[in-house]
Amino acid sequence: MAARVLGALGRWGFLAVVGVACLVPVGWVVVSSFKTQAQIFSRGDLLPNPFTLEGYVALFTEIEIAGYLGNTLLYAVAGTAGALVTGLLAAYPTARMRFPFRHSLTVMFTIALAIPVVGLIVPVFVIMRDLGLFDSRLGLVVFYSAMWFPLSFVIQRVYLSGLPPSLEEAARLDGASYGQLLRLVILPLSRPGLATAGVLVFINIWNDFLFNLLLAPSSEHQGVQVGLSLFKNQFNTDITAILAGTTVVMAIPVLTFVILQRQVITGLTAGAAR
Amino acid sequence: MTSTPATVTAPAPRPTTAAAPNPPSVPPRRERRTGRLESAQPGTRLGIALSLLPGAVLFTVFYLVPLVVVVVTSLSDWGPIELTFTWTQNYRLLLTDDIFWTASRNTAVFLAAAVLIQVPVGVAAAVILARRVRGWRLLRTLFFLPNVVSYAALALVYVTFYNPRYGPLNQLLSGLGFDGSRDWLFDVDTALPAVAATWLFTAGVVMILVMAEIEAIPAEIYESARVDGASRWQLTRHITLPLLRNVVGVCLILVLLGTLAYFDGVYIMTGGGPADRTLTLSLYAFQEYSNSDWGYANAIGVVLIAAGLLGILLLRRVFRLGERDL
């Protein structure tokens with residue numbers, strides 16, 4: 001009996017410690033974003049008193065976050081679309097048909113997930129520059145599509161190879177072409193795979209910092225992650241604006257995750273299994 | 001189609017096991033269904049080729065070519081102006097470069113911190129939550145949340161958390177009567193542990209993967225042990241934990257790759273300082289790129305990529321990945 005109580009105490013104690021540790025720093029930033037700068041510096045009350053939106057006003061007027069947010073949204077949406085389309089097109093044949101080099105292609109695309117891409121910064125920069133894609137919105141969209149193609153491919157391939165093998169049979173007997181099979185049979189069934197891959201890729205592009213920093217030196221092409229962190233270093237910047245900005249930047253993937261939790265967890269398990 | 005596509009319950013092998021409430025049967029590690037697939041007809045061959053083309057082009061231009069370029073130009077003195085092959089010179093310089101060894105050591109410290117924090121915490125949380133304790137869904141969401149937030153945003157969070165003037169850490173310390181004036185991230189004594197401690201927040205990935213694996217263990221195994229009078233701790237100790245070998249190996253691979261590629265957080269929090277105390281290999285490669293010493297940056301890049309691949313091979317061996325216990 002005593003052991004049971006002790007065990008339960010240990011379990012809940014552990015969960016409480018981890019929960020608090022996960023919550024406190026992030027929670028403090030969110031709560032403080034509704035304080036005035038004077039309140040933050042005075043180390044006073046825990047809760048905002050008075051409650052103010054000054055930080056959010058400063059975020060849109062002083063830092064002019066809207067442009068950065070727009071860029072990040074564009075990169076995340078268009079880059080995800082690119083990775084999803086190319087991923088599906090490559091995943092379908094490798095998952096469901098037999099042809100030469102099928103296995104080697106699959107292995108090659110999958111191994112890309114094992115490369116720490118930070119090691120590739122120099123050639124990526126040079127290639128983007130030589131292709132005329134450096135420091136342009138289109139360039140970043142193309143790059144993000146390419147960078148997340150392997151993950152999109154792997155997740156969708158796992159999903160498609162799990163569908164029953166007899167799906168295409170009837171259509172094939174009727175003489176359907178490859179394009180018709182893909183469009184009429186597979187596409188309507190591939191939505192769960194697309195959704196799973198899409199959520200993960202979207203969050204990853206939204207969160208990217210390194211390649212935006214590397215490939216977009218001019219501020220009109222920078223996303224919100226880079227924009228905000230550069231403002232951090234300016235001494236005259238309103239600290240509440242940074243806190244408000246951090247809250248906004250975190251809110252998008254957090255909301256995406258809370259709403260589409262199932263897709264995120266599914267995709268994570270599929271990606272890791274390879 | 002009578003059912004809407006979104007609710008089609010096709011038996012996708014691995015993915016659906018994660019969120020499925022009932023433990024499904026363990027899926028095959030890698031599908032061996034090739035034999036059941038039809039060979040492509042000559043007409044569809046063209047379709048397949050066209051279909052693979054866009055992805056293959058993106059992959060070639062942004063993964064394959066950069067990979068070859070990194071390896072080849074790591075043997076050269078390369079900058080924005082010219083390239084001269086110097087063969088092994090960059091690597092010989094690396095061997096005697098104190099900053100490189102500092103960065104390697106720091107990267108190893110981060111890796112050790114990540115492994116020692118994330119694996120035990122993640123596994124423990126998964127084992128507890130997999131018992132469906134009250135509120136497990138909420139707790140799972142809560143523990144995982146920091147993982148969907150960018151390292152850049154988390155870095156801004158930690159910068160405020162550790163801030164000497166108004167950060168909650170110093171407020172708490174001075175509230176408890178301790179010295180609350182330390183500048184954690186810019187003090188040579190505390191910078192490295194302060195940055196390493198932030199790894200706690202990303203233990204959620206390990207937790208999710210381990211939970212999925214626990215749910216895939218057939219209930220009958222537990223039933224028969226329970227009939228024999230095993231306690232709950234004995235079930236965990238002798239059935240669950242031994243069956244987690246595969247997934248812990250996978251988690252270690254992810255932690256390794258995550259540590260090697262870790263850049264944003266350190267760049268924003270400390271920029272590698274003070275006095276290179278938190279400099280990582282990824283950051284050092286970026287600095288050398290910024291200094292227009294591209295060949296040297298690429299040699300560091302090769303070290304990073306090789307460390308990742310060797311680590312994966314080693315972990316696959318040690319954890320006998322791919323072999324199932326069931």
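In which loop of chain A does P50(A) lie? P50(A) sits in the loop between helix 2 (37–41) and helix 3 of chain A, where helices (H or I, at least four residues) and strands (E, at least two) are DSSP runs, numbered from the N terminus. The peptide bond that leads from N49(A) to P50(A) is cis, with omega near 0°. The model is predicted, and local features need pLDDT of at least 70, side-chain atom pairs count only at pLDDT 80 or more, while totals for chains, interfaces and linings use all residues. Residues are numbered from 1 along each chain as its sequence is written, and chains are lettered from A and ligands numbered from 1 in the order in which they are written.

Helix 3 (residues 54–61) of chain A packs with helix 13 (residues 239–259) of chain A at an angle of about 85°, and their axes are 7 Å apart. Axes here are lines fitted to C-alpha atoms, for helices over the stretch in contact, and angles run from 0 to 180 degrees between N-to-C directions. Helix 3 and helix 13 of chain A are therefore roughly perpendicular to each other, given that angles under 35 degrees count as roughly parallel, over 145 as roughly antiparallel, 65 to 115 as roughly perpendicular and the rest as oblique. From helix 3 of chain A, E54(A), G55(A), Y56(A), A58(A) and L59(A) meet T240(A), A241(A), L243(A), A244(A) and G245(A) in helix 13 of chain A; two residues are in contact if their C-beta atoms, placed from the backbone, lie within 7 Å. This contact of helix 3 with helix 13 of chain A comprises six nonpolar, three polar and one charged residues. Ala, Val, Leu, Ile, Met, Phe, Trp, Tyr, Cys and Pro count as nonpolar, Asp, Glu, Lys and Arg as charged, and the others, Gly among them, as polar.

A second helix pair is found in chain B. Helix 5 (residues 136–148) and helix 9 (residues 204–215) of chain B pack at about 125°, with axes 8 Å apart, and are therefore oblique to each other. Here F143(B), F144(B), P146(B) and N147(B) of helix 5 meet G204(B), V205(B), M207(B) and I208(B) of helix 9. Six nonpolar, two polar and no charged residues make up this contact in chain B.

The two chains also meet one another. Chain A gives 88 residues to the contact and chain B gives 94. On the side of chain A that touches chain B, the largest share, 13 residues, comes from helix 1 (residues 2–32) of chain A. That side of chain A has 64 nonpolar, 17 polar and seven charged residues.

The largest nonpolar core (a set of buried Ala, Val, Leu, Ile, Met, Phe, Trp, Tyr and Cys residues joined through C-beta atoms within 7 Å) holds 178 residues, of which F143(A), M207(B) and L209(B) touch the most other members. Leaving aside neighbours within four places in sequence, L209(B) is in contact with residues including L268(A), T269(A) and V247(B).

Two residues other than glycine have positive phi: D276(B), near 60°, and S292(B), near 65°. D276(B) is partly exposed, with 18 other C-beta atoms within 10 Å, whereas S292(B) is exposed, with 12. A residue is buried if 20 or more other C-beta atoms lie within 10 Å of its own, exposed if 12 or fewer, and partly exposed in between, with C-beta atoms placed from the backbone.
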